[in-house]
Amino acid sequence: MTTVLLIRHGMTDAVGQRIVGWLPGVGLNAEGVRQVARLRDELQGVKLDAIFSSPLERADVTARTIAAPHGLSIKTRDGLGEVRFGDWTGMTLAELDGDEQWQRWNAMRSCGRAPNGESMLETQSRMFDEMMHARASYPEGTVALVSHADAIRSLLVYVLGMSMDVFLRLRVDPASVSILRVSDWRLEVAGINLSGDGIASQLGANPLSETRRATSE
């Protein structure tokens, strides 16, 4: 059985403010750096066999921070990238608020697509392929996939048998971990939007003491 950790990158200044999609140069802010450092420490006790990452800077920095204690190199995968938002890329949420197509797309993510971008079902398809690539590459291992909120949600709703239209009901915070277990005969969700000792309890890692956490922060 393969254990797949779906990890969202840490906080950026664009979160909740602007659609950055595949824009280059969007890095972690100070809070994001702190979040990812905590996550690195929380995952130290987990035996990771590989870390695959979206090519976007915010995910790459997150992945490299996590990888450091494990001595792992990062394997970049375009399939783990953010939704391709097309013409909406770079716009603020305030600017999009009056866009009827944007409102309709958020109400029914199973239909339509971002203008000159991709549909959520296309995002879901490539995320499913990444999960299965991890399964094929490490059939008895633990693999981290570092990606983005909407991309992670798109895969979770598939695994849970939910409609894409309700995927925004799933909370996927910056630097959170969602856990899948995948075999030839079974696919299960072991946790969604985990942090802190919740990760350790699902993976059997040794949680950090409060003293070590305070030192690491």
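This report describes strand pairing, salt bridges, nonpolar cores and selected buried residues in a predicted model.

**Strands β2, β3 and β4**

Strand β2 covers residues 50-53, and all of these residues are buried. The side chains alternate: A50 and F52 point one way from the strand, while I51 and S53 point the other way. Two partners of β2 can be described. With strand β4 (residues 142-147), β2 pairs in the parallel sense over 4 bridges. In this pairing A50 stands opposite V143. With strand β3 (residues 74-76), β2 again pairs in the parallel sense, here over 3 bridges. I51 of β2 stands opposite I74 of β3. Between β2 and β3 the chain passes through helix α2 (residues 57-67), and the resulting β-α-β crossover is right-handed.

**Helix α2**

The buried residues of α2 are R58, A59, D60, T62, A63, I66 and A67. They pack against strands β1, β2, β3 and β4, and against helix α1 (30-42). The helix therefore has buried residues in contact with both of the strands that it links in the crossover.

One of these buried residues, D60, takes part in a salt bridge with R64, with the closest N and O atoms 2.9 Å apart. Both residues belong to α2 and are 4 residues apart, about one turn of the helix. An α-helix has 3.6 residues a turn, so residues three or four places apart point the same way. The two ends of the bridge fall in separate accessibility classes: D60 has a relative accessibility of 17% and counts as buried, whereas R64, at 48%, is partly exposed. D60 is classed as buried because the cut-off is under 20% relative accessible area.

**Salt bridges**

The search of the whole structure finds 14 salt bridges. Three of them are listed below with their N to O distances.

| Pair | Closest N to O distance | Relative accessibility |
|---|---|---|
| R64 and D60 | 2.9 Å | R64 48%, D60 17% |
| R104 and E100 | 3.6 Å | R104 48%, E100 57% |
| D173 and R171 | 2.8 Å | D173 25%, R171 59% |

The pair R104 and E100 lies within helix α4 (residues 100-107), with their positions 4 residues apart, about one turn of the helix. Here R104 is partly exposed and E100 is exposed. In the bridge between D173 and R171, D173 counts as partly exposed and R171 as exposed. Elsewhere, salt bridges that share partners join E31, R34 and R38 into one network.

**Nonpolar cores**

The largest nonpolar core has 31 residues, and L6, L145 and L180 have the most contacts inside it. At least two residues of this core come from each of β1 (2-8), β2, α4, α5 (120-137), β4, α6 (149-160) and β5 (177-182). Helix α6 gives the largest share, 6 residues.

What is L145 in contact with, leaving aside its neighbours within four places in sequence? The contacts are V4, L5, L6, I7, F52, L80, E130, M131 and A134. Among them, L6 is another of the residues with the most contacts inside the core. F52, also in this list, is a buried residue of β2.

A second core of 20 residues is separate from the largest one and includes L48, A63, I66 and I179. A63 and I66 are among the buried residues of α2.

**Two buried polar side chains**

H148 lies in the loop between β4 and α6. Is H148 buried or exposed? H148 is buried, and its relative accessible area is 0%. Leaving aside neighbours within four places in sequence, H148 is in contact with R8, H9, S54, L56, R58, A59, L80, G81 and E82. R58 and A59 in this list are buried residues of α2. L80 is in contact with H148 and also with L145.

Q124 lies in helix α5. Q124 is buried as well, with a relative accessible area of 14%. Beyond the neighbours within four places in sequence, Q124 is in contact with S154, V157, Y158 and M164.

Definitions and conventions: Residues numbered from 1 in each chain as written. Predicted model: local features only at pLDDT ≥ 70, side-chain atom pairs only at ≥ 80, totals over all residues. Heavy atoms only, no water. Buried < 20%, exposed > 50% of the residue type's maximum accessible area, 1.4 Å probe, protein only. Pairing = 2+ DSSP bridges. Right-handed = clockwise from strand over helix to strand, strands pointing away. Salt bridge = Lys/Arg side-chain N within 4 Å of Asp/Glu carboxyl O. Core = buried A, V, L, I, M, F, W, Y, C linked by side-chain atoms within 4.5 Å. Contact = heavy atoms within 4.5 Å.
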